[in-house]
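Colleague: I am new to this model and would like a close look at one part of it: the place where two of the chains meet. Could you walk me through that spot and then show me how the rest is arranged around it?

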Amino acid sequence: MDKVFVKKNRFVDSVSLMSIGDRVKQLGGIHAAEVQMGTPVNREMLEGLGFELPKDMTANDLVIAVRADSEMKMDEALQLIRDILDHKSNSDAGVTYHTLKEIDLEEDPFDLVQISLPGEYAVAEAEEALEKGLDVFIFSDNVPLEDELALKRLGVEKGCLVMGPDCGVGLIGGVALAAGSIVAGGPIGIVGASGSGAQEVACIIEKCGYGVSSIIGTGGRDLYPQIGGITMLQGMKRLEADPETKVIVLVSKLADLAVMNKVLTAADALSKPVTAVFLGSDGTLFANHRAHGVFSLEDAALEAVRLLGKEPPAFGLSDEEINRLAEKELSLLGSEQRYFRGLYCGGTFTEEGLIYFSSHNSGVPIFTNLENRYAKKLPDHRVSRENTILDLGAEDFTAEAPHPVFEPALRLKRFYQELEDPETAVILLDFITGPGVHPDPITPFVHAYEDAVLARGKSLTVISSICGSREDPQNVAEKTELLRKAGILVMPSNYQSSHLASAMMTKLAERR
Amino acid sequence: MMEIREKINAANEKAVSCIVDSDPVWIDILPAGQVVDGLEDHMILHSGPPVAYEDMCMLHKRGMVSGVLFEGWADTEKEAVDLIQSGAIRMDSALNHNTVGAGTGIITKSVAMIVVEDRANGTRAATFPAEGPFQGGFCGWGLFSRDIAENLRHMREDLFPVIREMIRRRGGLPLKPILAESMQMGDENHTRQTAADLLFLKQIVLDMLKTNVSREKLYAAMEYIVNTPRFFHCFGQGAARSALLAASGIPYSTMVTAVCGNALEFGIKVAGLGERWFTAPAPMMKGRYTSSQYTEKDQLPWIGDSCVVECYGMGGLAAAASPIVCSLRGLKMKDAIAQTREMSEICIGKNHNFMIPNLDFEFLPVGIDIRKVLKTGIAPEIHGGMFNHDGGLIGAGSARVPMLCFEKALKAFAETYPE
Amino acid sequence: MKETSEQRSCRKRPRVINIGLSFFYEALVAQKVKTVQLEWRPPVRQSAEIKSLLDDLL
């Protein structure tokens, strides 16, 4: 729906106007947002976008033109525009701080510092934050391991959490940090060394009708022997002390054995029930511990619900349903289509997928860009070979471009590449949503797929899952519809996607 | 430790008040030899810190020859060069005297100069007026030709007597009100003084009409003033220089009193360190070229003393007042404001005479403190035109004063004022 | 009584200082969190001598 407002004789300078459209689009569900002076050039531009403008609009008038998906989004957009226009430009409103030192917490209280500076600068700021008694969330990577240890020790001393470095996801007090999702509040607390892993667990919990009290990210190296799980242990302590949290979930990839045991031992001492997944582990890890060991992200979510004393709703597809779907998809493929291509943003999803295929399709050779025990390393990460599962958030890709959750262009380009390969049978995608990531990572992929199907005349299977919550600005429900309408499968979890792909892989192998 | 800091801060307050409480008044037009202290016969002043003739850039060398020819100390270029090389010509930095050398800054005793008297501080400074059609010309670009010589004569003998009569009869023209108002109208008074030119004109036109000269002479004088772009530039420089002369020599003050370049080196002076120079390699300006054919290769590093106005709190420090000047460097309004706010962090105080609408009517910062420059790592941003090696204007931009100047100055300060 | 950091982390809606990527700041603003974007600058590199002089004189 379109709405156009003209404010007569209201002048706003071009610099202030510049950023408004972008900010509004970030709300998600907004296809166009323009706030401009009514000059002839802008009139042309707006009419070109399909907006109907009043004839008596002049260059002295301010015109607001918004195209939104829904009434709700429209209202939100207009409110935001009103808020921006009615206040002075951001730099004038309120104080500017250049350093943490300047901030007097008595006068201007804060609780948390979120740091995304280049690694070499992150440490000094984190230290300063801890000295002030603030919790720290460090998105930055390239922080030396010794510095991470020193920071985490300082954090313990000050009673503050050090989430990170290299921490991509957090949910603290209902607020999504970095690439996290805005998940419904509830009694399950998550501590995760893996960002996308923790987020997937949280989103599945929400899909089951429950909520999350916190997602405490520890950063990817917290379970290294040099660090010894400091933040995971601290996070568990916080959740133990938190009256909202009734059940605790631990999420990680497989880590150092001694550290995992240390963590599980600490969990044993908690009063609250714990479920834990260390992707790639087997049952022996949990043998002498109270924590309920599970082996997939979705199981971590479902088990957490059970530990609340509830029965989770039916989640995921039965084996029968999976097989039926696999057969159906395969019947649409041509005989030369034989390969599986996974294009993942989330490192943990890549890991979960690789583990699944290596255990259920052990005969099938799989390539990846990662150094990984479950697959072979690709000679050139830019070119897929046979069955290839990629982590596009890994360094070989992010060295040349921003992480795909922020800027989908590189992954989209790779998607086109795989779509054009006549031997591609199945493409796996994950979509991650949240207020801090790209406002619409999904639509471009839908269009690319539709174009490819139209151009090629035949189909290829795309299996996706969306790691996102109801509150996320990207509008997950709507995007799910969009994907399905285009013929892209949307599975309720990454594990389910892997399950389906694996079933297809098995059947394909049988046919040959 | 506290004692010296207090002494410095008190001295800086005093130094800043030389600027803030200054009362610069244009009083006269006189030959440089009569108003520039220490400018003698067979002496030529130039812009930037002191530099030996052999080391000078082409523009200065050319300017030295032009100075000799202009004064008639030699008749041909060759003779001029010989005379210079014989050591018969004394050369010195304009900023070692009560004057300013904008551009190449060639000043000799016979050049007619605008005289500014700071009635609050009791100091006088002289600056050279623009040369009409030869905007740069002799003083600005060290050029000399028959036409330029003739123009200088014409200015001196035909135009200035009229203007001089006007200003002497009037008893002087206060310059600060013009500077203050012009900075509310989009000028920063270094590279842009469009409003100041108009305000100045309005101030003097009636008095000019009252002068007792023929219509032709009056017209010629008015035409010179009206048609010379940036006419007011030298008055702003004079206002700045006369105030800063008063601040020079205040013991313990860390305020910058001069900033300049000679295409090889950039130099600063500090109030508490008197006439000593602290130099570093001259920076290249960054900005936009007037044509895409130009690149940094064509550019001459900083030459000129006009950044004396930055020391007075105008120019680059007043960026917020002049977003148009900043837009020439590709900046937006918010960047212009940010630049002034950044400059505030290295300044001693605020100048209540310069209240700026774009800053929500806050005052402009004033008085560059070498300690704050080093502490914050923020160097003063100086506005200016970009020039090529022949002195042609090829763009507009800005440059930062090199940190090395401040480091040297601070070390010298510590030696001069041990605790 | 000053809040312990335990109490703080469990309170609703933390107040967040953002240092670095501005779209993370925008994401906090969109969530209506009390937040501020630190106008961060890289630290100044100074020689030990200058640093010591500044400690005395400024």
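Modeller: Happy to; here is a walk that starts at one strand and then moves outward.

This is a predicted model, in which local features need pLDDT of at least 70 and side-chain atom pairs count only at pLDDT 80 or more, while totals for chains, interfaces and linings use all residues. Residues are numbered from 1 along each chain as its sequence is written, and chains are lettered from A and ligands numbered from 1 in the order in which they are written.

Let us begin where chain A meets chain C. Here 38 residues of chain A are in contact with 31 residues of chain C (contact: C-beta atoms, placed from the backbone, within 7 Å). On the chain A side, strand E4 (112-115), helix H5 (119-131), strand E8 (175-178) and helix H8 each supply at least two residues; helices (H or I, at least four residues) and strands (E, at least two) are DSSP runs numbered from the N terminus. E4(A) gives the most to this side, with four residues. By class, the chain A side has 21 nonpolar, 10 polar and seven charged residues. In this count Ala, Val, Leu, Ile, Met, Phe, Trp, Tyr, Cys and Pro are nonpolar, Asp, Glu, Lys and Arg are charged, and the others, Gly among them, are polar.

Now look closely at E4(A) itself. A:Leu112 and A:Gln114 point one way from the strand, A:Val113 and A:Ile115 point the other way, and all are buried. Buried here stands for 20 or more other C-beta atoms within 10 Å of a residue's own, exposed for 12 or fewer, and partly exposed for the range in between, with C-beta atoms placed from the backbone.

What does E4(A) pair with in chain C? Its partner there is strand E1 (residues 16-19) of chain C, in the parallel sense over four bridges; two strands pair if DSSP finds at least two bridges between them. Within this pairing A:Gln114 stands opposite C:Asn18, and A:Ile115 stands opposite C:Ile19. E4(A) also pairs inside chain A, again in the parallel sense over four bridges, with strand E5 (residues 135-138). There, the bridge partner of A:Ile115 is A:Ile138.

From the strand we can step to the interior. The largest nonpolar core has 155 residues, and those with the most contacts inside it are A:Val136, A:Val201 and A:Ile205; such a core is a set of buried Ala, Val, Leu, Ile, Met, Phe, Trp, Tyr and Cys residues joined through C-beta atoms within 7 Å. Leaving aside neighbours within four places in sequence, A:Val201 is in contact with A:Ile190, A:Val249, A:Val251, A:Leu297, A:Ala300 and A:Ala301. Apart from this core lies another, of 141 residues, including B:Val20 and C:Leu57.

H8(A), which we met at the boundary with chain C, leads to a helix of chain A. The buried residues of H9(A) pack against helix H8 (230-241), strand E11 (247-253) and strand E12 (274-279) of chain A. Those buried residues are A:Val259, A:Met260, A:Val263, A:Leu264 and A:Ala267. Seen down the axis of H9(A), they fall within an arc of 135 degrees, so they line one face of the helix; the arc is that of the directions from the helix axis to the C-beta atoms. The face turned away from the buried side carries the exposed residues A:Leu257, A:Ala258 and A:Asp268.

Finally, chain C touches chain B too. Eight residues of chain C are in contact with 12 residues of chain B, and the chain C side divides into six nonpolar, one polar and one charged. Chain B has 15 helices and 16 strands, and of its 419 residues 55% count as buried. Five of its strands form an open sheet in the order E4-E6-E5-E1-E7, with mixed pairing. Strand E4 (99-100) and strand E7 (173-174) of chain B stand at the edges, each with a single partner strand, so one side of each is left without a neighbour in the sheet. The partner of E4(B) is strand E6 (residues 123-127) of chain B, paired in the parallel sense over two bridges, where B:Val100 has B:Thr127 as its bridge partner.

How values were computed. Contact = placed C-beta atoms within 7 Å.
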